[in-house]
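Visitor: I would like a close look at a single part of this protein, namely one of its sheets and whatever packs against it. Please take me through it step by step.

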Amino acid sequence: MDVNAAVAAAAAIAGVCTGVIAMLAFRWSERDRIRPTRSSLHTGSALPPGVDTVLSVLRSSAVVLDESDAVVKASSAAYALGLVRGGTLSVEPMLQMARDTRRDGEIRQVELDLPRRGTGRGDGLAVSARVAPLGSRLVLLLVEDMTEARRIEAVRRDFVANVSHELKTPVGALSLLSEAVMDASDDPEAVERFAGRMQSESTRLTSLVQELIDLSRVQNDDPLEDAESVAVDDLVDEAIDRCRQTADNKHITLVAGGTGGLYVWGNRGQLAAALGNLVENAVNYSPARTRVGIAGRRTAAPGGDLIEIAVTDQGIGISERDRDRIFERFYRVDPARSRATGGTGLGLAIVKHVAASHGGEVTVWSAEGQGSTFTLRLPEAGRAREKAEAAREHRDRPGALQEPAAFEDEERRRQLQSADEADGQLSAPEVLP
């Protein structure tokens with residue numbers, strides 16, 4: 001009797017426990033069903049047929065909201081931009097747009113500036129958001145990152161403004177001088193003087209247009225398509241010949257030295273233009289009766305030997321503040337002096353692009369009152385040629401991926417960035433001949 005009662009009591013307790021556990025499991029599953037997790041957001045089970053496939057191929061960040069503003073589906077890009085956090089849309093203006101669209105069914109679009117996720121910097125993201133109804137109860141939000149497009153547009157606007165300003169000066173001067181020539185038609189000496197100034201302004205205008213063409217070419221062309229082994233000695237001789245007349249007029253001595261028999265791999269025309277710009281810059285900004293030295297040497301590097309071509313002058317030097325910006329387009333350390341020497345502010349920008357496109361870099365050491373040394377570092381011909389041929393074979397192979405080229409471009413950008421950061425910390429270079 002007692003045994004039967006104990007068994008009955010145990011069975012009753014077990015039944016109660018089973019019921020409690022079943023009830024808790026049911027409630028837990030219901031809560032999971034109504035509150036989607038991040039993994040469940042990608043299932044698209046609540047989406048109309050075919051919508052999930054369409055959203056997966058869109059380049060824009062996609063977020064689908066239901067009638068309670070809960071996220072039904074969100075792309076990985078939406079999480080990367082910080083639009084979705086904890087299963088909800090975290091950007092209040094977008095959330096309000098979705099509610100308005102759900103209420104009246106109208107398509108809305110707006111451009112917003114959002115804080116950049118995961119950084120302590122003040123810069124942000126520029127996005128374009130578009131909201132449209134998706135069926136009777138869902139709302140689709142498409143967000144496109146416009147940050148890079150805005151940056152490129154700003155660079156383009158600045159470039160056009162700078163070009164317009166630079167062209168306006170010589171063109172305006174030519175117009176005024178031509179009027180002066182007409183007014184002084186009876187004065188031969190005045191006509192000769194004004195004609196000489198017109199010739200100077202036309203030369204400056206021609207130089208500016210040519211350097212704009214050169215800059216566009218080095219930015220758009222691949223110099224390694226027509227690459228060859230180029231002797232450094234030939235580049236130095238060509239740069240000296242290019243600047244000899246200007247140097248003689250200022251009684252500046254051009255001296256070549258360093259290690260002979262060095263070779264680099266690249267586009268001969270671009271390399272000659274880059275080194276010529278460095279030598280011309282040194283001559284233009286050096287006082288009379290000084291020396292400009294050009295020397296090449298081989299230096300060891302982790303990835304293989306590099307060829308360094310250094311151009312040293314005894315000019316006024318460059319301040320630390322200006323040193324960080326001298327490779328920018330149209331930037332001049334001394335605008336008045338640059339106009340007097342015919343400088344356009346594009347020469348060093350061309351040098352920087354040529355060095356980067358050849359897998360190298362350009363750096364500067366300078367001290368005010370002591371002169372400057374610009375150093376062009378390029379891979380030696382053998383290593384650069386092997387690297388270029390390997391990249392070309394990989395690119396031409398059927399089905400080959402393009403990541404290596406992207407990695408090389410990123411490496412070049414890192415080299416230039418590290419070089420810029422190190423400019424103010426370089427020690428004085430060796431004394432050249």
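Guide: A good place to enter is a single pairing: Val110 has Ala129 as its bridge partner in β6. That bridge belongs to the pairing of β5 with strand β6 (residues 124-134), which is antiparallel and extends over eight bridges. Please keep in mind throughout that this is a predicted model.

The two strands are part of an open sheet of five strands, whose order is β2-β1-β7-β6-β5 and whose pairing is antiparallel. At the edges stand β2 and β5 (108-115), and because each of them has a single partner strand, one side of each is left without a neighbour in the sheet. Averaged over the sheet and with direction ignored, neighbouring strands are turned by 25 degrees against each other. As general background, the strands of a sheet pair through backbone hydrogen bonds, in either a parallel or an antiparallel manner.

At the β2 edge, strand β1 (residues 61-65) and strand β2 (residues 71-74) run antiparallel and are joined by three bridges. One of the residues involved is Leu65, whose bridge partner in β2 is Val71. β1 and β2 form a hairpin with five residues between the strands, and in this hairpin Asp69 takes a positive phi near 70 degrees.

Next come the helices that accompany this sheet. Helix α4 (residues 92-104) lies across β1, β5, β6 and β7 (138-145), and the helix runs at about 165 degrees to β5. Helix α5 (residues 147-183) also packs on the sheet, where α5 touches β5, β6 and β7, and the direction of α5 makes about 130 degrees with that of β6.

Of these two helices, α4 can be described in further detail. From its first C-alpha to its last, α4 reaches 19 Å with its 13 residues, which is close to the 18 Å expected at 1.5 Å a residue. The buried residues in α4 are Met94, Leu95, Met97, Ala98, Asp100 and Thr101, a list that includes Asp100 and Thr101 beside the two methionines. These buried residues of α4 pack against β1, β5, β6 and β7, and also against β4 (88-89). After the helix comes Gly105, which has a positive phi near 75 degrees.

For comparison, two strands from elsewhere in the chain offer buried residues whose side chains make polar contacts. Glu308 lies in strand β12 (residues 306-312), and because its relative accessibility is 10%, below the 20% cut-off, Glu308 counts as buried. The side chain of Glu308 is joined to that of Arg377 by a polar contact of 2.7 Å. Leaving aside residues up to four places away in sequence, Glu308 touches Arg377 and several others, among them Ala295, Gly296, Thr375 and Leu376. Thr373, for its part, is placed in strand β14 (residues 371-379) and is buried, with a relative accessible area of 3%. Its side chain and that of Thr312 are joined by a polar contact of 3.0 Å.

Finally, the setting as a whole: the protein has 13 helices and 14 strands, and 38% of its 433 residues count as buried. Among contacts between residues at least 6 apart in sequence, 65% join residues at least 24 apart. The protein exposes about 24800 Å², of which carbon and sulfur atoms supply 53%.

How values were computed. Residues are numbered from 1 along each chain as its sequence is written. This is a predicted model: local features need pLDDT of at least 70, side-chain atom pairs count only at pLDDT 80 or more; totals for chains, interfaces and linings use all residues. Side-chain values use heavy atoms; hydrogens and water are left out. Two strands pair if DSSP finds at least two bridges between them. Helices (H or I, at least four residues) and strands (E, at least two) are DSSP runs, numbered from the N terminus. Buried means under 20% relative accessible area, exposed over 50%, partly exposed in between (1.4 Å probe, protein chains only). A polar contact is a pair of N or O atoms within 3.5 Å; within protein, one must be able to donate a hydrogen and the other to accept it, and residues adjacent in sequence count only if both atoms are side-chain atoms. Contact means heavy atoms within 4.5 Å. Axes are lines fitted to C-alpha atoms, for helices over the stretch in contact, and angles run from 0 to 180 degrees between N-to-C directions. Accessible areas come from the Shrake-Rupley method with a 1.4 Å probe; for residues, only the protein chains shown count as cover. The expected span of a helix is 1.5 Å times one less than its number of residues.
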